[in-house]
Amino acid sequence: GSAWSPRATLVWRSADSLWKLRASGGSAFRAPSVGELYYPFSGNPDLKPERSVSWEAGAERAVGNGRAEVSLFWNDFRDLIVYDFARSQNFNVGRARARGVEAVFRHEFGARVGADVGYTYLDSEDLRTGEALLRRPRHRGFLSLALHPLSGLTVSPRATFVGARRDANPASGI
């Protein structure tokens, strides 16, 4: 089949290039994978494709040799594809929502070293049950480096923190 997924973005940059404001909105479509549909014991040939509508607004500010960025986001999902341990099968969540805020700071320490640090707060919900969506952490953060020891070579070690997240017990499905 086919799907229409329009997206629009507006960006404003200050005359001195210190500030950048942006806003975007759009829709998306994700067809179930072959495995989600037909994998033995967990495939579900009745899966519907996921559809979503998303909005984001953000601001960036140049700070010395770096940049600070804050973004707010909101995603509404219809027929979100998730895995249910109780049934050992993929299924669709009728309506779901994920919204939150992300903050990132990037800094260049010179031509050979840069660093990024970021934090994301996520509020997700199955709108039918009122429960948080499974396996989606409320808190997540990272610290990464970009090292350029030789021309054309970049080494990027990264440490990621993923907070507690709701999950189902594989034995009971609860």
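This passage describes the fold, the surface and selected charged residues of one protein chain.

The structure is a predicted model, in which local features need pLDDT of at least 70 and side-chain atom pairs count only at pLDDT 80 or more, while totals for chains, interfaces and linings use all residues. Residues are numbered from 1 along each chain as its sequence is written, and side-chain values use heavy atoms, with hydrogens and water left out.

The chain contains one helix and nine strands. Helices (H or I, at least four residues) and strands (E, at least two) are DSSP runs, numbered from the N terminus. Read from the N terminus, the order of these elements is β-β-α-β-β-β-β-β-β-β. The radius of gyration of the chain is 20 Å, well over the 16 Å that the globule rule gives for 174 residues, so the chain is more spread out than a compact globule. This radius is taken over C-alpha atoms, and the globule rule is 2.2 Å times the number of residues to the power 0.38. Along its principal axes, the C-alpha trace spans about 55 × 35 × 30 Å.

Of the 174 residues of the chain, 30% count as buried. Here buried means under 20% relative accessible area, exposed means over 50%, and partly exposed lies in between (1.4 Å probe, protein chains only). The chain exposes about 11,200 Å², of which carbon and sulfur atoms supply 59%. Accessible areas come from the Shrake-Rupley method with a 1.4 Å probe, and for residues only the protein chains shown count as cover. A contact means heavy atoms within 4.5 Å. Among contacts between residues at least 6 apart in sequence, 49% join residues at least 24 apart.

The chain carries 24 positive and 18 negative charges, and the mean positions of these two sets are 2 Å apart. Lys and Arg count as positive and Asp and Glu as negative, whereas His and the chain ends are not counted. The place of a charge is taken as NZ of Lys, CZ of Arg, CG of Asp or CD of Glu.

The structure holds 14 salt bridges. A salt bridge is a side-chain nitrogen of Lys or Arg within 4 Å of a carboxyl oxygen of Asp or Glu. One of these bridges joins Glu60 to Lys20, with the closest N and O atoms 3.8 Å apart. The pair links distant parts of the chain, as Glu60 lies in strand S3 and Lys20 in strand S2 (residues 19–30), 40 residues apart. Glu60 is buried at 10% relative accessibility, whereas Lys20 is partly exposed, with a relative accessible area of 21%.

Another salt bridge is formed by Arg22 and Glu56, whose closest N and O atoms are 3.1 Å apart. Arg22 lies in strand S2 and Glu56 in strand S3, so the pair ties together parts that are 34 residues apart in sequence. Arg22 counts as buried at 16% relative accessibility, and Glu56 as partly exposed at 30%.

Arg106 forms a salt bridge with Asp116, and the closest N and O atoms are 3.5 Å apart. Arg106 belongs to strand S5 (residues 89–108) and Asp116 to strand S6 (residues 113–126), 10 residues apart. Both partners are partly exposed, Arg106 with a relative accessible area of 28% and Asp116 at 22% relative accessibility. Salt bridges that share partners join Lys20, Arg22, Glu56, Glu60, Arg67, Glu69, Arg106 and Asp116 into one network.

Asp79, in strand S4 (residues 66–84), is buried at 14% relative accessibility. Asp79 nevertheless has no salt bridge, and the nearest side chain of opposite charge, Arg78, is 4.2 Å away. Leaving aside residues up to four places away in sequence, Asp79 touches Lys48, Pro49, Glu50, Asn92, Val93 and Gly94. The phi angle of Asp79 is near 60 degrees, a positive value in a residue other than glycine.

A positive phi, near 75 degrees, is also found in Phe41, likewise a residue other than glycine. Phe41 is located in the loop between helix H1 (34–38) and strand S3 (50–63), and Phe41 is exposed, with a relative accessible area of 82%.

Arg95 is located in strand S5 and is partly exposed at 49% relative accessibility. Arg95 and Glu125 are 30 residues apart in sequence and 8.8 Å apart in space, C-alpha to C-alpha. Not counting residues up to four places away in sequence, Arg95 touches Phe77, Arg78, Glu125, Asp126, Leu127 and Arg128.
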